[in-house]
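Let's go looking for empty space in this protein. Here is the structure to have open while you read.

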Amino acid sequence: MRRKILHVDLDAFFCSVEALLDPALASRPFAVGGRPDERGVISSASYAARAWGVRSAMPTAQALRLCPELVLVRARHHVYGDYSERVMAILREAAPVVEQLSIDEAFLDVSDDARSGTAIAATLKAEIRESHGLPTSWGIASNKLVAKIATEVGKPDGLVAVPQGEEAAFLAPLPVQMLWGVGPKTTQILVAEGIAAIGDLAGWPPDRLTALFGERGPELASSALGVDSRRVVAEHQPKSLSAERTFARDIRARQALEAVLVELVGEVGQRLREQELVGATVRLKLRWSDFTTILRQASLPQPTSLDQEILAAARSLLRA
């Protein structure tokens, strides 16, 4: 049986919801994010703001320098969560298996449906727009990798289908960083080797890629050809749980930092116990005022969900 995998992404989701609630925003460059005087960062940027170079995860102060007319909107995560649940309910009614990746993104396996993937995606796209006023982008392919990339190619408000057997040809002209697992460092290595497009990567000898990337080499070569055997799965076991704080002002006193650390550990420990999980590694992230970030981690003697054991390791990392 041929696989039919759909990928859907709610376009600029937080901003799309805010524009629904306040239509005056639709004609202006705006972003959902924190205030610049509170070390805020951009959570979501409208497409009008993106034209100015504003992007998610960018410090708000930098976004305002790029776009002085930028309108800032405070995040309302409970509202976004409500809209997300409504959309996901539509998807779960339409497909036997839906894998929700995040609040605004999902895969659907519709291999058993007699209709074409394009027809199914077009119907769902129209229903979500008509029922909730939200724009979506869709990718349709024989596997998850190509379907997700197809969505990216079609944004915003697009629908791109890749026929089975044409995966490699579709990917070939695209920039290599569009492949899953190819981040900035990998991209830098590949470009230095003359590999700028996915098709360039697909034509490289596997032994050369293994020499450059070890075990990842053959995987990269396979991905460049559009090969992906992963199944769409309805539930995911989380690989990590985290909590963090961003301070409006610099914190210099160790005692104050450790007090916050106790709170963060308490949040993580409670969530571990609620989900009947344990963790074996404690990781601490520190970010300075210039947004320089460092990560430190330590392995525990045995997996745990107890606050005191997690806190002991976290305190040690902080003091070091």
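What follows is a short tour of two pockets and the residues that line them.

## The model

Keep in mind that this is a predicted model. Rolling a probe the size of a water molecule over the atoms is a way to show where empty space is left.

## The largest pocket

How much volume does the largest pocket have? It comes out at about 1,900 Å³. There are 50 residues in its lining, and the ones closest to the centre are A243, E244, R245, L264 and K285.

Where does the wall come from? Two helices, α12 (254-274) and α13 (307-319), and two strands, β9 (279-287) and β10 (293-304), each chip in at least two lining residues. The largest share belongs to β9, with nine residues. As for chemistry, the lining of the largest pocket splits into 27 nonpolar, 13 charged and ten polar residues.

## The second largest pocket

Next up is the second largest pocket, which holds about 310 Å³ of space. Its lining is made of 15 residues, and nearest the centre you'll find A12, S43, S44, R50 and S56.

Which elements build this one? At least two lining residues each come from β1 (5-10), α1 (13-21), β3 (42-45) and α2 (47-50). Here β3 gives the largest share, three residues. Sorted by class, the second largest pocket is lined by six nonpolar, six charged and three polar residues.

## Where to click

To find the largest pocket on screen, start from β9, which supplies the largest share of its lining. For the second largest pocket, β3 plays that part.

Note on methods:
Residues are numbered from 1 along each chain as its sequence is written. This is a predicted model: local features need pLDDT of at least 70, side-chain atom pairs count only at pLDDT 80 or more; totals for chains, interfaces and linings use all residues. Side-chain values use heavy atoms; hydrogens and water are left out. On a 1 Å grid over the protein atoms alone, a cavity is a set of points where a 1.4 Å probe fits but cannot get out, and a pocket is an open set with protein on both sides within 12 Å along at least five of seven lines; lining residues have an atom within 4 Å of a point. Grid points are joined across faces, edges and corners, and a volume is the space filled by probe spheres set on the points. Helices (H or I, at least four residues) and strands (E, at least two) are DSSP runs, numbered from the N terminus. Ala, Val, Leu, Ile, Met, Phe, Trp, Tyr, Cys and Pro count as nonpolar, Asp, Glu, Lys and Arg as charged, and the others, Gly among them, as polar.
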